[in-house]
Amino acid sequence: MTDFRYRRLKYVAVVVTDVERTENFLLDIVGLAEGPESGKIDTRFLRCSDDHHDVILIKGREPGLARISFEMESVKDFDATKAHLTKKGLNPVDVDADELAFLGIDRAFRIIEPNSKLTFEFMHGMVAAETPFVPTVADISMLGHIVLMAKDVDAVTEFLINTLNFKLSDEGAGGGLLRPFPTTNHHSLGLVRSNENRIGHIAFMVHSYDVIGKAVPRFKKHDVPIVFGPGHHPASNSNFLYFLDPDGITWEYTFGMEQFPEHDPRDPRYLELGNGDSWGNEMDPRMGKVGRVVTPDELVS
Ligand SMILES: CC(C)c1ccc(C(=O)O)c(O)c1O
Ligand SMILES: [Fe+2]
């Protein structure tokens, strides 16, 4: 069975050099909420949903991308995905009971994407947070997408489509924007050609263009570098704002992303993705430059 179904991009595990500094940034300036106490000095859980977490911060010597996690639509889809990846020789590794309990997750396994060496986690069931997510400085709706800078974009794209049941929404000379079937957001994972496998950016979907507009003076007041936008992406028809965290990792607010139907979706288009702004902003050279892919053996914790 290769038509296993995803519910959504669930969380991203990011390596930062100072977890308290980045936690405060994401809480006070970006608008996430605290997740449960991790009990570990080098790990923080943050959220923008009613679940246990949407972002994990892990202390490391340099910024990095530890893993991305996708929630499958059902236990049956979870099992089918694992069977499929086992058959493909990708050696799925179960997350052990202690780590599942730590993460508040019912079941999960991980593989290493063979081209980018990024750890993909597939999971089902995450415990709810003790309280609902209440937006503060930004009305965030969800963790929306990750853009991965990749040395071999074509190989990663082929793997996502032919092995992981992703669909291509749009592509360009520099890469592609993909959605895990049958999720509706224009993309949950984007790829951009690069000389290194690293974070392009991590995007939060927001409920209104006001969130983007109000972020500009807030970021200026707190000396948060804005590296692209406010602008408009022709591919997903979304408005955007990209900014840097204290380590220089790029994050994005995105509003108004095109939604794809499960049945009879439009065909992917070939677009200019590189600049990706119909309003003509120039991308700051610091955008998408920090946070290489970190393999499990490199993780401190
Ligand atoms: C600049 C990057 C690759 C990009 C391009 C297009 C969209 C979009 O249409 O939503 C993005 O979100 C991007 O991050
Ligand atoms: Fe984006």
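Are Tyr-6 and Phe-166 buried or exposed? Both residues are buried in this predicted model. They also form an aromatic pair. The geometry is edge-to-face, with 5.4 Å centre to centre and 70° between the planes. The pair links distant parts of the chain. Tyr-6 belongs to strand β1, residues 6-16. Phe-166 belongs to strand β10, residues 166-172. The two are 160 residues apart.

The structure holds 18 aromatic pairs. Ring pairs also build a cluster, and Tyr-6 and Phe-166 are among its members. Phe-4, Phe-70, Phe-78, Phe-109, Phe-120 and Phe-122 belong to the cluster as well. Strand β1 contributes a further tyrosine, Tyr-11. Tyr-11 counts as buried because its relative accessible area is 0%. The C-alpha atoms of Tyr-11 and Val-216 are separated by 26 Å. Along the chain these two residues are 205 residues apart.

Two lysines are placed over phenylalanine rings. Lys-40 lies over the face of Phe-102, at 4.3 Å from the ring centre. The charged end of Lys-167 sits over the ring of Phe-181. Here the distance to the ring centre is 5.4 Å.

The protein chain contains 5 helices and 18 strands. Its radius of gyration is 18 Å. A compact globule of 301 residues would have a value near 19 Å, so the chain agrees with that expectation. Along the principal axes, the C-alpha trace spans about 50 × 45 × 35 Å. Of the 301 residues, 58% count as buried. Contacts in the chain were considered between residues at least 6 apart in sequence. Among these, 69% join residues at least 24 apart.

An unreviewed UniProt entry lists "domain: VOC" for residues 8-125 and 142-256. In the model, the span 8-125 is 27% helix and 40% strand. Its end C-alpha atoms lie 12 Å apart. The span 142-256 is 20% helix and 50% strand. For this span, the end C-alpha atoms are 13 Å apart.

The metal site holds an iron ion, ligand 2. Three residues coordinate the ion: His-145 through NE2, His-201 through NE2 and Glu-252 through OE. The distances run from 2.0 to 2.2 Å. In sequence, the donor residues follow the spacing H-x55-H-x50-E. The histidine pair links distant parts of the chain. His-145 is in strand β9, residues 140-150. His-201 is in strand β13, residues 198-206, and the two histidines are 56 residues apart. Both His-145 and His-201 are buried.

Ser-194 lies in the loop between β12 (189-193) and β13. Its relative accessibility is 15%, so Ser-194 counts as buried. Leaving aside neighbours within four places in sequence, Ser-194 is in contact with Met-149, Ala-150 and Lys-151.

Backbone geometry was examined next. Most residues other than glycine have a negative phi, and most peptide bonds are trans. Two peptide bonds described here are cis. One runs from Phe-181 to Pro-182, with omega near -5°. Pro-182 is found in the loop between β11 (175-180) and β12. Phe-181 is also the residue whose ring lies beneath the charged end of Lys-167. The other cis bond joins Gly-229 and Pro-230, where omega is about 5°. Pro-230 is found in strand β14, residues 226-233.

Positive phi values occur at Asn-237 and Asp-264. Asn-237 has a phi of about 60° although it is not a glycine. This residue lies in the loop between β14 and β15 (238-244). Asn-237 counts as partly exposed because its relative accessibility is 46%. Asp-264, also not a glycine, has a positive phi of about 55°. Its place is in the loop between β16 (250-255) and β17 (269-270). With a relative accessible area of 74%, over the 50% cut-off, Asp-264 is therefore exposed.

Note on methods: Residues are numbered from 1 along each chain as its sequence is written. Chains are lettered from A and ligands numbered from 1 in the order in which they are written. This is a predicted model: local features need pLDDT of at least 70, side-chain atom pairs count only at pLDDT 80 or more; totals for chains, interfaces and linings use all residues. Side-chain values use heavy atoms; hydrogens and water are left out. Donors are N, O and S atoms within 2.8 Å of the metal (3.2 Å for Na, K and Ca); water is not among the atoms, so sites may look incomplete. Helices (H or I, at least four residues) and strands (E, at least two) are DSSP runs, numbered from the N terminus. Buried means under 20% relative accessible area, exposed over 50%, partly exposed in between (1.4 Å probe, protein chains only). UniProt positions are given in the numbering used here, feature names are shortened, and annotations may be inferred rather than shown by experiment. Rings of Phe, Tyr and Trp (its six-membered ring) pair if their centres lie within 6.5 Å; planes under 30 degrees apart count as stacked, over 60 as edge-to-face and the rest as tilted. A charge sits over a ring if NZ of Lys or CZ of Arg is within 6 Å of the ring centre and within 35 degrees of the ring normal. The radius of gyration is taken over C-alpha atoms; the globule rule is 2.2 Å times the number of residues to the power 0.38. Contact means heavy atoms within 4.5 Å.
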